[in-house]
Each structure stands twice: as C-alpha cells, then as structure tokens.
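Dear colleague,

Please find below the structure that I am handing over to you. A description of what was found in it follows directly after.

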Amino acid sequence: MTATTSTSAAPATPAPLVDATRDDASLRRFLLGLPGVDQVGVEQRAAGLGTRSIKKDAKRWAIDTAISMVDLTTLEGADTQGKVRALAAKAVRPDPERQDTPRVAAVCVYPDMVATAVEALKGSGVHVASVATGFPAGRTSREIKLADTKIAVDAGAHEVDMVIDRGAFLEGRYMAVFEEISAIKAACGDAHLKVILETGELATYDNVRRASWLALLAGGDFIKTSTGKVSPAATLPVTHIMLQAVHDWHVQTGELRGVKPAGGIRTTKDAIKYLVAVHEVAGEAWLTPDLFRFGASSLLNDLLLQRRTQVDGHYSGPDYVTVD
Amino acid sequence: MSDRISVAKTYKLYLGGKFPRSESGRVYPVTDSKGKFLANAAHASRKDVRDAVVAARKAFPGWSAATAYNRGQVLYRVAEVLEGRRDQFIAEVSSSEGLATKKAESTVDAAIDRWVWYAGWTDKIATVLGAANPVAGPYFSFTVPEPTGVVGVLAPQSSSLLGLVEVLAPVLATGSTAVVVSSAERPLPAITLSEVLATSDVPGGVANILTGRAAELGPWLASHGDVNALDPTGAAPADRVELAREAANTVKRVLTVPEAEPDWTAAPDLTRLRRYLEAKTVWHPLGV
Amino acid sequence: MPVFEYAPAPESRAIANLKDSYKPFVNGEFVDGSGEPLKTINPATEEVLAEVGTASKSDVDTAVKAARKAYTSVWSKMPGTERAKYLFRIARLIQERSRELAVLESLDNGKPIKESRDSDVPTAAAHFFYHAGWADKLEYAGYGPNPRPLGVAGQIIPWNFPLLMLAWKIAPALATGNTVVLKPAETTPLTALVFAEICQQAELPPGVVNILPGAGDIGASIVEHADVDKIAFTGSTEVGKAIQRQVAGTPKKLTLELGGKAANIVFEDAPLDQAVEGIVNGIFFNQGHVCCAGSRLLVQESIAEEVLEKLRYRVSTLRLGDPLDKNTDIGAINSAEQLAKIRGLVEAGDAEGAQRWTSPCPVPERGFFFAPTVFANVHQSMRIAREEIFGPVLSVLTFRTPDEAVAKANNTPYGLSAGIWTEKGSRILWMANQLRAGVVWANTFNRFDPAAPFGGYQESGFGREGGRTGLEAYLNV
C-alpha cells in the first residue's frame, strides 16, 4: 500500500474556511451555522441505500476492497505482545490458503504495543495505527495526551487515532477542542491523524456534523466515528453524515479527507452497505484504504468466509478461517 | 290630523360591505304574497356578480384567518342584532311568504337560533372533523379542516329568511366567504338581513347578497374561475344540470340538493359545514 | 481510480407468474369480455406481456347488475364484523403474494422493483388492513349513529400506482358496505386482475368486486350507468372535469383525485442534505408519475446555487434502467404516449429559455426511458412551471421571502400537495397554514399512510382518501 498523503503535513486551514477558525466566536458561529440534519431523513436515506443489492463480481470486488480497508484492531487491557504478533500475522496474510487475499490496511493497538506491531509488520506494507490521547475517555490533561501521542509516534506508528474532548464539545467550548486536535496533529509529524468523534456520546446528528467539520478544520486526516467502547458505535446514518462532510470539504477545498467507521460492523453485508454509502455519498474517489477504513476485528473473518463462498461457489465454515 | 306618510325603504344590493345599486341600474318590482307592491328591488347583473366575487375573494384571507373564537362571536352578534329587529323580520317574512303571524314568528325565531347554532360550531368543527393521524412511521401527521374559499350560493326561492340563513351561515362559519343570490320573488328579508350583517361586525365582502334571478346569475357564478363551491338550492331543478356542468370546468364543489326545497325547520347537521371545508393533512418527522 | 460497478441484480420475472392472457372479473368469475382484447406491454422493453380481455358497454351493465345484486342481497346486509374479516383476509393475501404482485407491477408499469416491493404493495395491504377495522366501527366515525353505504361504486384508477390506487379505492368502499365495479388503467391492468384472484381466494361473495379492463370509453360507460351510485376517479384533471360534467345533475356521489403542480419550498435554514433527498424523492419517485410530485422547486435565492450543485451531484447518482433490477432508482416511463408528452414539455422548457441539465446516466436503447432532468431559471410564466409534466422533470424557481414563496406556491389552479423545508418550527406551521394544498409535507415529502387523509384543493379534485375523513366518500352522508 502506498502511504499517499492526502493532506499537506502542515495543518493549514484552507483559504475559504480561514474565517471560521479566527476566534472562538467565529468558530461557534460557523459550526452552529452548518445546515441542520433531519434525523428521519438521514436515517431513511441510509436505510434506502442499504437495500442496494451487490452481487457477483461487484460483491467480490467489494469484499476484497473491504478487506484492504480493515484496521485490524485489538484494544484490550489483556493485550500482550503475543496477541499483537498474532494479529499482525493475520493482517499480512488474512487467509493463508488464499494467497491472493489482500492484506488489511493497518493494525490498530494501544501506544505501548506499537513497537511490537511495527516490528511484526516490518516490510509488509501494513500500517501500524495507535490510539492515543487517553483513549478511550480522553479525560486527562493536554500534556499527557501529547505525551501519549509522542510515545506512539516515536515507536513508529504511521497513524494516530485520537479522541476528541467530548466534554468540551458538549459544553460548547469548540475552540478548546479545535486547539487540542491541532496540537495533536502537530505532534503527529508525518503520521496520519484520525480524529475519533465518539458519536455515540454526541447524541445528535447535528453534533456529529459539527464535530466532523471541527475535526476537518483542525487538520484531521480522517474523521472516525467511535472508540468501540461506547454504544452505539458506528452506524450507517452517522457514517453518512461524516461522508457528506468529507464530500463537502472536498467541494470547498479540493482536499480529500478520510472516514473511518469503527465498532459494531461485523458482517460482510454491513461492510458492503458502508461501501455503497462511500460510493454514493462521498464519491468513487473515496473507495480506497487511503480514504476509508473499517475499525473492526471480527469483521475480517466474515469477509474471509464470504470471500471463500464467492470463490469456491459453496458456503464455508468458521473452522476454515483463523481465529486470530 | 292626517295619517303620517311613511318613509319607504330603498332596497339595494349588499356588496363588499356597502349597499350599492345594481351597476346595470335595473330594478324590479317586488310584491307581497297577494300581489301588492312592496318595493323596487335592485336587479343584479352579471357584473354585480363579478364585483361580488372580487369582494368575497378580497375578504377571504382575513375572514379565514380570523380566529374561530372571533368568527363565533361575529355570528353570535348576527343573532343578537337579528333578535333586536325580530318584529321587522316577522313583518317582512309574513308579507313575503304570506305566512300567518304565528308561523312567521316561529320562522324568524328559528332563523335567529340557526345563527346561534352555527356560531357555536366555529371553534369546534376542527376538533370534530380534524385528526391526529396515527401513521406507521416516525412522523407527526395531523389533519385540519380549512375553508374552501369563495362560495356561490343560490338561496332558496321560497324560504326567504330561514332558508337563506341555513344556506349562508354554514359558509361563514367555516371561514369561507359568500356571494348569495337571494330569492327572486321574496328578496326583501335578504336585504334586511344584509343590514343586520353590516351592523354585526361581519367584515365587508364576507357575505355579499344580490337580489335578482338565479336563472340569470347562476351560470355566471357556476362558471366563474374564482368561485370554489356552488350551492344550487335556489336554481330551478331543470337548470341545475347545466350549472353543475359549468361548475365542473373549474372542479367546483357542487352541493347535492334535493329537488324540492327541504323543510328548513328541520334540525341542521354538519353536512353543509363539511361541504365548505377542505381537509389539509400536514406531516412532519419526529426526530432530535 | 477504483470503480464500484454494481453487477445486475434483477428480480426474477418468473415470480410474476405471468400468464399469456387475462380476463375481466365479473360476479366472482373471470369472463370473456366482449370488448376488443388489448395487449399490455412492458414499457422497459416494449415487448408484449399478455393479452387482456376488455369489457364492452354490455359487460359494464352485467358487472353493475352483479354488483347491485351482491349489494342488495349480501354485502349491505352483512354485519360490519363479517365484512371486516373479508378485508383482513384480503390484506393478508396481498402480503402473502407481495413478491408476485411487486414483480408483476414493475413489469407492467415500469416502476423500479424497489418501489413496488417496498412501497406500492405493502401500502396496498396496509390500506385493506386499516379499512378492515372501520367496517364494524362506522357508527364511531362521526357521520351519525348509522351511516349507510351508497350502493354500487364505479371506480376508475390511473396507471401510476395500479395496485395501490386500487387499494385506495376498493378498501374504503368495501369497508363501508358498498360493492364495486373498477376499471384499471388501459396500460396497467395486470395486478388488478391478480387482485381479482385474491378476491376469489378470500372467498369474497361474487359481485362485491368486479374488475373491467378497458379504455376510457369503458370508464365513461361506468360513469354514465344509471344504476351506479358513486363514482371515484383518480387521474388527470382534464378527464376529471369531463367526469364531473357527465355526473352533473345526477344523484351520483363523486370524488375526484386529479393533477397537481406541487411546490417544494426550500428555505435557507433547511436541513440541506435531507432537503436534497426530499427534492429527489419528490420529483423522481416513480419516474415523476405522481400527482402530488414536487415538480416545482422553490428555493430561496440565497442558497439556490448551493442547492442546485448538491442536487445535480445527487441526481447523477440515480441509477436508471431495468425496473426489475433491485438497484434501479428510476425505471421506465409507462407508455410511449407519456414519453412523448414529457418530451414535448421539455422542448417547451428549452424554447422558453429555461436552463436544462440532464443526468449523464446511461439510457437503455429499448424501452421508454427519460433521464432525470432539472430545469433552472424557470419562471412562473413558463409552461414547465404551470403544466403537470408527470415525468422526471423538475422546474427550479427562486424566491426571496416567505410571502413570495407562498404567493408563487399558491399561484396555480391545482392544490394537491406542497413541501416545506426549514428548521424553524413557527415558519413551518405558518407556511403549512398558508399553502392551499390538501397535503403539506414539512421536512419530508411523498409520505402516504392509510390513516392520513389525502386529496386536493381546487382543480386537484375533491373528497379525501384515507383516514376517518376518507370514509365520507362512500357513505350516504
């Protein structure tokens, strides 16, 4: 995989949106001035696109594309080096008996596991992503968040998945959130920054839209739905809103930013619904691991099972794919 | 001492809140039931119909937007003022329709009571005919009755007051406005009623009453593009088919009326109110 | 750049159980009509689907007699509780045969299978289910203690929602105790005749429902038949007026659901992405063959360019093609005649100086298709702003103030529906109050439900279908 940089390293605000971040009041005005989101309308649209029927060649293509977009994730207190190495092995060769199976996009771990993952994935082309900034709650000081980020980056993480300060966001202190994202972005250096909005805690689609724009303005390379530790995690309508945001961002700035739904996507059927949304809401250009990821663990095995079903022409079983 | 010479009344049209003569300058003699001359009534023309429709349309936004409470008060005020002129109406109905005094009294009383009945409906009809619709989805959907618009009314030929009230009051109660062609042979109570309307806070143009011939004026009302509904009660049965055909060209709501004039003393029901109401259904999503 | 080509995903046409020939349904039996048989075609391929026997004037008389006999001897005497059970049975049978009906509908009409499957057929079943419950509760409907049916109802329905319009007509008629002679549209008779089979399966007493395929002359015969008590028509305003003239002076009760030229009004504070969805749904649902289609977009001038840009992008993602493909968003125009009418009005739009944009989607070579089209710079004085196009063609006008929006929206002899998009609650209610239309959708569009009355103001017709209000059309009140 090529590590194409979709944004310039410096988080410079694109010219048309400079005014939005001039000061606290401007930012607030900008975010509250974004068009509202009608809940019923967006949910209907998401459900409608969910009825697309993806068959045959399109399905095979979608499965392989989805595999290549997976951020294979383990974020447990019980994570060990052994567990991370096993995951890394699976990331490189998801289906050892089917060598044409694409590798996944990245392995996603806690900062203290980054070095292990980097070592295990060396030369594979699979990225290492690290959560940071006091994941998942983010309830800690700016210093610790920056230090957390530095640990990950220094250990060789290609990508950093930060969490926003939902408390500050819900208090309406948008500039505080903006500045924190900007600071983390700066600390990332060449590493790509994914900004986790934790949409399940933002509660409304209006907030999801505002948080998406806030993260884009602050220089996030990706906007990501969830930590996976809060229910609801990723949903189709939430992802629709975020895809719409990166689409609109592109229209206004010419820049391509990415989207990552994470948590709760477990089946091939669901993954394909997300790809359809990427295709029809954001646009064809987003159908690449550079711009769309799935934060998931169990999804990969279902994708592999379905891939076998497509290739072999009969249904497969869980014993034919690896448990790692 | 010689008998005093009474002051005779000039009966004119009621149009846009004013009492003009017919633009045609025409009048026709009105007699009592025994053929004795009573007065010259204005003989309305098609241009009077035209002017009346303009007045009714102009009055419609205000009247339809008035609160139901306000419309109810206005209609009740009509009853009050009518009651105050009860004796005059008894005399006019008696001479026009040839009724014995007792019968004329009960007729006028029924007419007054009819206004009271419709006055009470203005702020209840939406409750009775409207609805919150339990639709199968995340929406609030409600249906409200709204006034149809301008209604052309050919008032009954026999019942000069009670019948007139029964065809006019429901139009006004819904918030619609009316252009009425009165009974041709018995127009005088209609004009006196106009005076009641004019002094009862009924805004000018809400009710317009023309004295003249249904056969002459009916087709102009039926074909008028700015009239939304037609009550052909006062048309000769033979003319009603052609009126209804004319009305079809603009998809007017045309009342189905009995061949012969009904018994106007019968208790009223919602039928006429329903005819002048359009159900409007509004939908909105339920979401956060 | 990666390309996500959706492979064809056609629903099997075998599911439709298409037969070579279909016959009129009179007095509980399929009979040979004495009219000239018609060939119904698949508008997506122009191939003949089946031969359909049609009724003649004498068949109309036979059907009305059967309906009268069923009314007098069975249906009007049957307790509402029992009538209700027949309607419930029919609702269930429609649900059970929903796939068959959906595929058949898409074949005959040209509408996308996702619409016939997810909208037309389930809503048709819902109408029977809803009205079934009314059959034994009419005394609570607010029409007096013992509201009576009218008798024999003649019903004439259009081709845009063949089965759904049948349900809108037959369900309330039967629930209130009337019997029915129904004429489906000439180009879409098939699902109505499968519905006739459903009546048989439900063991509905013979004559309660009679279905007579045929052209306009058969509709006219039904309308003029002396022993028909009620006429219900859905279709064009032109034909509606003719029917109203025909019925004039007779005791027949009439309800009309006619054309429209709805304004879909988008304010600058609208939820824009959902508004764009609503605009798309409003005009491109069912190829725009919808009487209440939001065919005039009134957009506030301050956001006109932004809305148009979003709209063009969204419309360009619409997939036009095989109606049976589950991914098709826009199917076939129902007939060559309708296609010609759409083309004619689009040419008028060009000639009048409106600015045309057409979706770059591929258009099949065979069949009657018309690519989604958006006209900008449209003014009230243009034909495409006044006449019902009944196709996938949107006319975009602008406004500056709420008053101007209302004035333009109401500036039409029609008055069927309207849309409002704004996040300001008081403005929604004010607009809803000001718009002279029978259905007002705020922050949504094209929602239908058997519990919600539907019908028009002014030249969009009179009478309502659905809800308690809709029962009036079939009761002697």
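**The sheet and its pairings**

In strand β16(C), C:Ala418 is the bridge partner of C:Ala263. Please bear in mind throughout that the model is predicted. This pair belongs to a longer pairing: strand β11 (residues 263–266) of chain C and strand β16 (residues 417–421) of chain C run parallel and are joined by four bridges.

Both strands are part of an open sheet of 10 strands, in the order β3(B)-β4(B)-β10(B)-β17(C)-β16(C)-β11(C)-β12(C)-β15(C)-β14(C)-β13(C). The pairing in this sheet is mixed. At the edges stand β3 (131–133) of chain B and β13 (355–358) of chain C; each has a single partner strand, so one side of each is left without a neighbour in the sheet. From one strand to the next, the twist averages 20°.

A helix also packs on this sheet, namely α10 (residues 304–316) of chain C. Helix α10 touches β11, β12 (296–300), β13, β14 (373–376) and β15 (393–399) of chain C. The direction of α10 makes about 165° with that of β14(C).

**Where chains B and C meet**

Which strand of chain B is joined to β17(C)? It is strand β10 (residues 277–285) of chain B, which runs parallel to β17(C) and is joined to it by three bridges. Within this pairing, C:Trp441 in β17(C) is the bridge partner of B:Trp283.

The contact between the two chains takes 30 residues from chain B and 38 residues from chain C. On the side of chain C that touches chain B, at least two residues each are supplied by α8 (237–247), α14 (425–434), β17 (439–442), β18 (461–462) and α15 (467–471) of chain C. The largest share, five residues, comes from α8(C). By type, the residues of this side of chain C divide into 18 nonpolar, 13 polar and seven charged.

**A pair of helices in chain C**

Helix α3 (residues 98–109) of chain C packs with helix α6 (residues 190–201) of chain C, at an angle of about 155° and with the axes 9 Å apart. Because of that angle, α3(C) is roughly antiparallel to α6(C). From α3(C), the contact is made by C:Leu101, C:Leu104, C:Glu105 and C:Asp108, and from α6(C) by C:Leu190, C:Thr191 and C:Val194. The residues of this contact comprise four nonpolar, one polar and two charged.

Yours sincerely

Terms used
Residues numbered from 1 in each chain as written. Chains lettered and ligands numbered in written order. Predicted model: local features only at pLDDT ≥ 70, side-chain atom pairs only at ≥ 80, totals over all residues. Contact = placed C-beta atoms within 7 Å. Nonpolar A, V, L, I, M, F, W, Y, C, P; charged D, E, K, R; others polar. Pairing = 2+ DSSP bridges. Axes fitted to C-alpha atoms, helices over the stretch in contact; angles between N-to-C directions. Parallel < 35°, antiparallel > 145°, perpendicular 65-115°, else oblique.
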